[in-house]
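Student: Can we go through this model together, one question at a time? I'd like to learn how to read it.

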Amino acid sequence: MVVDTFAFPGAIPVDYSMAGRCCVVLDVLRATTCMTTALAHGAQRILPVAEVEEALALRAAAEEPVLLCGERGAVRISGFDAGNSPLEFTEEAVRGRTLVMTTTNGTRAILAASGAARILIGCMRNAQATAQRALEAGLPVTLLCAGTAGRYSMEDVLAAGAILAAMGAEADDLGQTARILWEQHKTDPIPLLRHTRHTQRLIALGMEDDVQFCMEPSVTDTVPEYRDGAVKLPGNP
Ligand code: MLT
């Protein structure tokens, strides 16, 4: 089985079908890392939406208080309860809660995968466990990087490489490139990322701790899934 890898949703060919596939969505900096962290810390579920207005409407319609989170330009949206830093999603902040999340690239990439049979939420922190879950799915696999503003983003491709290395699967050309990059930089990928736009933006905003946290490889077995409009753990209703 050859694993397909796309650098951002806009790179998916128009005639490509997600039907019957297991799609792993990756937005390492930082949306899928936030989701993984929130669910590992006991959040009930996360409702990902593309637009701020949709998030506000979901909050207004919710029967219970929800935690509104997300960013634009990597900064917390005005009036929201939380931004898009995984360090905000502590157990105290999220246990038992429903989160509504909108981010510039990550939540949109999840929605772009919605035709797939299974949608796994991957990041660097759960790379090994995601690889295992993707193999167990027994379906053809697509790795969908969120990218940044419709362009390639290196941290997502590095995580794709980490997952491919753990899967031991055949890969397309981008996947092979990702795996080589990962093998060359896996002991310390941060110096490489310092050359990249999104990492530089986060560091300029004082969020270097986020970058360090997001780039820790395979430190959790939590692999959320997107189904029925929500990101949740397999056992969560
Ligand atoms: C996104 O979804 O665009 C990112 O998670 C942006 C960010 O780092 O806040």
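Tutor: Sure! One term before we start: two residues are in contact when they have heavy atoms within 4.5 Å of each other. Also keep in mind that this is a predicted model.

Student: Okay, let me try that on Leu 68. Which residues is Leu 68 in contact with, leaving aside its neighbours within four places in sequence?

Tutor: Start with where Leu 68 sits: it is found in strand S4, residues 67-72. Its neighbours within four places don't count here, and what's left is Ala 55, Leu 56, Arg 59, Phe 80, Asp 81, Ala 82 and Val 100.

Student: Is Leu 68 buried or exposed?

Tutor: Buried means under 20% relative accessible area. Leu 68 has a relative accessible area of 0%, so it is buried.

Student: How far apart in space are Leu 68 and Thr 102, C-alpha to C-alpha?

Tutor: Along the sequence, Leu 68 and Thr 102 are 34 residues apart. In space, C-alpha to C-alpha, the distance between Leu 68 and Thr 102 is 8.5 Å.

Student: Now the inside. Which element gives the most residues to the largest nonpolar core?

Tutor: In soluble globular proteins, nonpolar side chains tend to be buried together. Here the largest nonpolar core has 39 residues, and Met 124, Leu 143, Leu 158, Ile 163, Met 167 and Met 215 touch the most other members. Elements giving two or more residues to this core include strand S2 (22-26), helix H5 (127-137), helix H6 (154-167) and helix H7 (173-185). The one that gives the most, with 9 residues, is H6.

Student: How many residues are in the second, separate core?

Tutor: Some of its members are Met 35, Ala 43, Leu 67 and Ala 113. The count for this second core is 28 residues.

Student: Back to H6. At what angle do H6 and H7 pack?

Tutor: Two packed helices are described by the angle between their axes and the distance between the axes. The axes of H6 and H7 are 7 Å apart, and the angle is about 90°. Angles of 65 to 115 degrees count as roughly perpendicular, so H6 is roughly perpendicular to H7. The value you asked for is about 90°.

Student: How many nonpolar residues does the contact of H6 with H7 have?

Tutor: On the H6 side, the contact includes Val 157, Leu 158 and Ala 162, and on the H7 side it includes Leu 174, Ala 178 and Trp 182. By class there are 2 polar and 2 charged residues, and the nonpolar ones number 11.

Student: What about H5: which elements do its buried residues pack against?

Tutor: The buried residues of H5 are Ala 127, Ala 129, Thr 130, Ala 131, Arg 133, Ala 134 and Ala 137. Right after H5 comes Gly 138, with a positive phi near 70°. The packing partners of those buried residues are S2, strand S7 (118-122), S8, H6 and S10.

Student: What is the phi of Ala 149?

Tutor: Ala 149 is in the loop between S8 and H6. It is exposed, as its relative accessible area is 57%. Its phi is positive, in a residue other than glycine, and the value is near 50°.

Student: And where does Asp 228 lie?

Tutor: Asp 228 is another non-glycine residue with a positive phi, of about 50°. Its relative accessibility is 72%, so it counts as exposed. You'll find Asp 228 in the loop between strand S10 (225-227) and strand S11 (230-232).

Student: Which peptide bond is cis, with omega near 10°?

Tutor: Look at the loop between S2 and helix H1 (31-40), where Arg 30 lies. The cis bond leads into that residue, and it runs from Leu 29 to Arg 30.

Student: Last one: what is the angle between the planes of Phe 6 and Tyr 16?

Tutor: The structure holds 1 aromatic pair, and it is formed by Phe 6 and Tyr 16. Phe 6 is in strand S1 (residues 2-6) and Tyr 16 is in the loop between S1 and S2, so the pair ties together parts that are 10 residues apart in sequence. The rings are 4.8 Å apart centre to centre and edge-to-face, with an angle between the planes of 80°.

Technical notes:
Residues numbered from 1 in each chain as written. Heavy atoms only, no water. Core = buried A, V, L, I, M, F, W, Y, C linked by side-chain atoms within 4.5 Å. Buried < 20%, exposed > 50% of the residue type's maximum accessible area, 1.4 Å probe, protein only. Helix = DSSP H or I, 4+ residues; strand = E, 2+ residues; numbered from the N terminus. Axes fitted to C-alpha atoms, helices over the stretch in contact; angles between N-to-C directions. Parallel < 35°, antiparallel > 145°, perpendicular 65-115°, else oblique. Nonpolar A, V, L, I, M, F, W, Y, C, P; charged D, E, K, R; others polar. Phe/Tyr/Trp six-rings, centres within 6.5 Å; stacked < 30°, edge-to-face > 60°.
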